[in-house]
Amino acid sequence: MEVKIDNTWRTALSRQWEEPYFKNLTDFVRERYRNPAITVYPPARKIFAAFDQCPFNMVKVVIIGQDPYHGPNQANGLCFSVNSGVPLPPSLLNIFKEIKDDIGLPEVPTDGDLSRWAKQGVLLLNATLTVDAHFPASHQGKGWERFTDEVIMRLNSERNNIVFILWGSYAIKKGAFIDRQRHLVLTSAHPSPLSAYRGFFGSKPFSRTNQYLIDHNISPINWE
């Protein structure tokens, strides 16, 4: 089965492409995108954008989200990210507030396109890679979760000294099997306005990530 994804990931995930669950998932996703009565996000060409912008051998940091944004012009294939010029969703605004306080920026960033992080080695991975417009979680339970579990497993077992940033109970549970002796796992409350004041603000994930990378002779991330 032909899947348009970065070649390093195509190799790392080679066992998945012919698995029955992935064939069923592909059939489901194609049917949704082809249905003229339904809008699906992100645009089809950006389903694997997180992988295309951050090859397997370049991953330094993994941030795990849950679902793509389900509103117009928001989802671009990178978790928490929106296209340039799109108003910042509440969780992303809180992420930027924490960056400002954590690393001492003079002001909160305003451009929500996080491809600038992805290109430095930050895999911005949603657990589910597609969603119907205005229906959050509409593509959960179709196979994406198994696929993204495999992504994390491959990184966990084949790479060293990656920082996994897990915000909220969903991400923490998804990353429970990560080898803490081999990688750094940072956990906190989710940046959503519903939970950000219960442990996300002040958790300093960005400076802690960079310190770990520097300590292991890996170039840090410019979070600005």
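**Strand S2, the nonpolar core and charged side chains in a predicted model**

Strand S2 (residues 61-65) is largely enclosed by the rest of the structure, because five of its five residues are buried. The model examined here is predicted. Burial in S2 extends to both faces: Val61, Ile63 and Gly65 lie on one side, Val62 and Ile64 on the other, and all are buried. On pairing, S2 and strand S3 (residues 122-126) run in the parallel sense and are connected over five bridges. Within this pairing, Gly65 has Asn126 of S3 as its bridge partner. S2 is also joined to strand S5 by four bridges, again with the two strands parallel. Here Val62 stands opposite Phe164 of S5.

Gly65 is also touched by Tyr170, whose contacts beyond four places in sequence further include Gln66, Ala127 and Glu145. Tyr170 is placed in helix H7 (residues 168-174). The C-alpha atoms of Tyr170 and Gln66 are 7.5 Å apart, although 104 residues separate the two in sequence. Tyr170 counts as partly exposed because its relative accessibility is 29%, a value between the limits of 20% and 50%.

The largest nonpolar core comprises 69 residues, and those with the most contacts inside it are Phe51, Trp117, Leu123 and Phe147. For Phe147, when neighbours within four places in sequence are left aside, the contacts are Leu13, Gln16, Trp17, Tyr21, Phe22, Phe48, Phe51 and Leu129. Phe51 thus appears both among the contacts of Phe147 and among the core residues with the most contacts.

Seven salt bridges were found in a search of the whole structure. One of them, between Lys23 and Glu18, has its closest N and O atoms 3.5 Å apart. Lys23 is partly exposed, with a relative accessible area of 36%, and Glu18 is likewise partly exposed, at 45%. In a further salt bridge, between Asp132 and Arg32, the closest N and O atoms are 2.5 Å apart. This pair links distant parts of the chain, with Asp132 in strand S4 (residues 131-132) and Arg32 in helix H2 (residues 20-34), 100 residues apart. Both Asp132 and Arg32 are buried.

Lys174 and Asp149 form another salt bridge, with a distance of 2.5 Å between the closest N and O atoms. Distant parts of the chain are again linked, since Lys174 belongs to helix H7 and Asp149 to helix H6, 25 residues apart. The two partners fall into separate accessibility classes: Lys174 counts as buried at 9% relative accessibility, whereas Asp149, at 26%, counts as partly exposed. Salt bridges that share partners also join Glu31, Arg32 and Asp132 into one network.

Arg159 is a buried charged residue without a salt bridge. The nearest side chain of opposite charge is that of Glu158, at 8.3 Å, whereas a salt bridge requires the relevant nitrogen and oxygen atoms to be within 4 Å. Arg159 is placed in the loop between helix H6 (144-158) and strand S5 (163-167). A polar atom of the Arg159 side chain lies 2.8 Å from the backbone oxygen of Val59. Val59 is also listed among the residues that Arg159 touches beyond four places in sequence, together with Phe56, Asn57, Met58, Arg154, Arg182 and His183.

Conventions. Residues numbered from 1 in each chain as written. Predicted model: local features only at pLDDT ≥ 70, side-chain atom pairs only at ≥ 80, totals over all residues. Heavy atoms only, no water. Buried < 20%, exposed > 50% of the residue type's maximum accessible area, 1.4 Å probe, protein only. Lys, Arg positive; Asp, Glu negative; His and termini not counted. Polar contact = N/O pair within 3.5 Å; in protein donor to acceptor, adjacent residues only side chain to side chain. Contact = heavy atoms within 4.5 Å. Core = buried A, V, L, I, M, F, W, Y, C linked by side-chain atoms within 4.5 Å. Pairing = 2+ DSSP bridges.
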